[in-house]
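Work through the exercises below with the model open beside you. Try each task before reading its solution.

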Amino acid sequence: MRCPVHTLASLLVAAAVLLPCRLASPAPKPRTTLGIQGARFTLNGKPTFLLGISYYAGLGASDATVRADLREAKRLGVNWLREWATWAGFGNDVSAVDAEGKPRQPYLDRLRALVARCDGMGMAVDVTLSRGNGERDSPNLLTLPAHRRAVRTLIEALKPYRNWYLDLANERNIGDARHASTQDLAILREDARRLAPWLLVTASQGGDIPPDDLREYLLESKVDFVTPHRPREAGSAAQTERVTRKLMAEMGKLGRVVPIHYQEPFRRGYADWQPSEEDYLTDLRGAMAGGAAGWCFHNGNQRDTPGERPRRSFDLRDRPLFQQLDPVELRALKGLKGLRGLRGLKG
């Protein structure tokens, strides 16, 4: 008969050997890969037009809200989300990084969970950083070291996944606290390339992109695609095809053609002009006809109402996004799904 002490010792040794194996979980195998093929995006190697929706405060939503919204988005043909990693509004900071670029919990874990959920659903995620503009207590990555730290924090957290891209600096050309220089963008882009060579990177422009800015994006900052935020005024939708074709031609002159991604067009509740269902359809048709690779159904707070409600994607604590959209937006989304070519490229 073995000594109980020896038996206990043997069990402890075995446990010590096995415990690390049980605790060490393998990195998740990515199921959805976002890529680029010429001037197009690809999902799992297939050229795909990205039809997206703004989901800025998604890190502050309950799990039930996220599940409901993603399920409805998928049903409507949406295949990517725009999610901010530095979002604060209406007294609620849901940023995944703090002002110095360090991890901020539980929101960094929520970002990872959102990207993972989208990965399993075949959807891409835009993860956006911003230096803020002083409104709504928005966090500010006001120094280059803080900004670089934020890039590293996000990449380390999301490195197992291939279904996301990084917007280094929202509307980085605006001359307020949002501003990020071409030189800063080049450094941030190099950091991202070193940490995750596969990661697609952009930096969004407030307004259309003039030739000089385009040259800086493509040849100096070396972003993987361009993300202009077109003007929000009556008649802008009718200009989108012409503006897109012009931008494609300018890239041709520079010798580098990349995807054009309309990640933040006009929206309802922003100003006196309220886009109609047809405005949304016209804008998307123009983007596709002009050669753009992606377009977003943008939405946000209603500026002229008590409490600025509905706040839509800007605040998801009360209700899911799709319960906050108005009838015009819901009809527009159904119409967008029906436009030819959204699930892939035809012709």
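**Exercise 1. A residue with an unusual backbone**

Is Arg312 buried or exposed? Find its place in the chain and its backbone angle as well.

Solution. Note that this is a predicted model. Step 1: locate the residue. Arg312 sits in the loop between β14 and α9. Step 2: read the backbone. Its phi is positive, about 55°, although Arg312 is not a glycine. Step 3: check accessibility. The cut-off for buried is under 20% relative accessible area. Arg312 has 1%, so it is buried.

Now treat Phe90 in the same way. Which loop holds Phe90?

Solution. Step 1: Phe90 lies in the loop between β6 (88-89) and β7. Step 2: this residue, not a glycine, also has a positive phi of about 55°. Step 3: the relative accessibility of Phe90 is 19%, so it counts as buried.

**Exercise 2. Cis peptide bonds**

Which residue does a cis peptide bond join to Pro310? Then examine the bond that leads into Pro106.

Solution. Step 1: Arg309 and Pro310 are joined by a cis bond, with omega about 0°. Step 2: place it. Pro310 is in the loop between β14 and α9. Step 3: turn to Pro106. The peptide bond from Gln105 to Pro106 is cis, and its omega is near 10°. Step 4: Pro106 belongs to the loop between β7 (92-93) and α3.

**Exercise 3. Helix α2, length and face**

What span should helix α2 have, and how far apart are its end C-alpha atoms? Then find where its buried residues point.

Solution. Step 1: count. Helix α2 covers residues 63-75, which is 13 residues. Step 2: apply 1.5 Å a residue. The expected span is 18 Å, and the end C-alpha atoms are 18 Å apart, so the two agree. Step 3: list the buried residues of α2. They are Thr65, Val66, Asp69, Leu70 and Ala73. Step 4: look down the axis. The buried residues of α2 fall within an arc of 120°, so they line one face of the helix. Step 5: recall the general rule. An α-helix has 3.6 residues a turn, so residues three or four places apart point the same way. Step 6: find the packing partners. The buried residues of α2 pack against β5 (80-84) and α3 (107-121). Step 7: step past the end. Gly77, just after α2, has a positive phi of about 90°.

**Exercise 4. Two helices in contact**

At what angle do α5 and α6 pack, and how far apart are their axes? Name the residues that meet.

Solution. Step 1: set the terms. Two packed helices are described by the angle between their axes and the distance between the axes. Step 2: apply them. Helix α5 (residues 182-195) and helix α6 (residues 211-221) pack at about 40°, with axes 9 Å apart. Step 3: give the hand. The crossing of α5 and α6 is right-handed. Step 4: name the contacts. From α5 come Thr182, Leu185, Ala186 and Arg189; from α6 come Glu216, Tyr217, Glu220 and Ser221. Step 5: sort them by class. The contact of α5 with α6 has 3 nonpolar, 2 polar and 3 charged residues.

Which residues of α6 are buried?

Solution. Step 1: the list is Asp213, Leu214, Tyr217, Leu218 and Ser221. Step 2: down the axis of α6, these buried residues fall within an arc of 130°, so they line one face of the helix. Step 3: their cover includes α5, β11 (204-206) and α7. Step 4: Lys222, just after α6, takes a positive phi of about 60°.

**Exercise 5. Helix α8**

Which elements do the buried residues of α8 pack against? Check the length of the helix first.

Solution. Step 1: helix α8 (residues 277-290) has 14 residues. From first C-alpha to last, α8 reaches 20 Å, close to the 20 Å expected. Step 2: the buried residues of α8 include Asp279, Tyr280, Leu281 and Asp283. Step 3: the buried residues of α8 pack against β4 (50-54), α7 (236-254), β13 (261-262), β14 (294-297) and α9 (327-338). Step 4: Gly291 follows α8, and its phi is positive, near 105°.

Definitions and conventions. Residues are numbered from 1 along each chain as its sequence is written. This is a predicted model: local features need pLDDT of at least 70, side-chain atom pairs count only at pLDDT 80 or more; totals for chains, interfaces and linings use all residues. Side-chain values use heavy atoms; hydrogens and water are left out. Helices (H or I, at least four residues) and strands (E, at least two) are DSSP runs, numbered from the N terminus. The expected span of a helix is 1.5 Å times one less than its number of residues. Buried means under 20% relative accessible area, exposed over 50%, partly exposed in between (1.4 Å probe, protein chains only). The arc is that of the directions from the helix axis to the C-beta atoms. Contact means heavy atoms within 4.5 Å. Axes are lines fitted to C-alpha atoms, for helices over the stretch in contact, and angles run from 0 to 180 degrees between N-to-C directions. A crossing is left-handed if the near helix is turned anticlockwise from the far one by less than a right angle, and right-handed if clockwise. Ala, Val, Leu, Ile, Met, Phe, Trp, Tyr, Cys and Pro count as nonpolar, Asp, Glu, Lys and Arg as charged, and the others, Gly among them, as polar.
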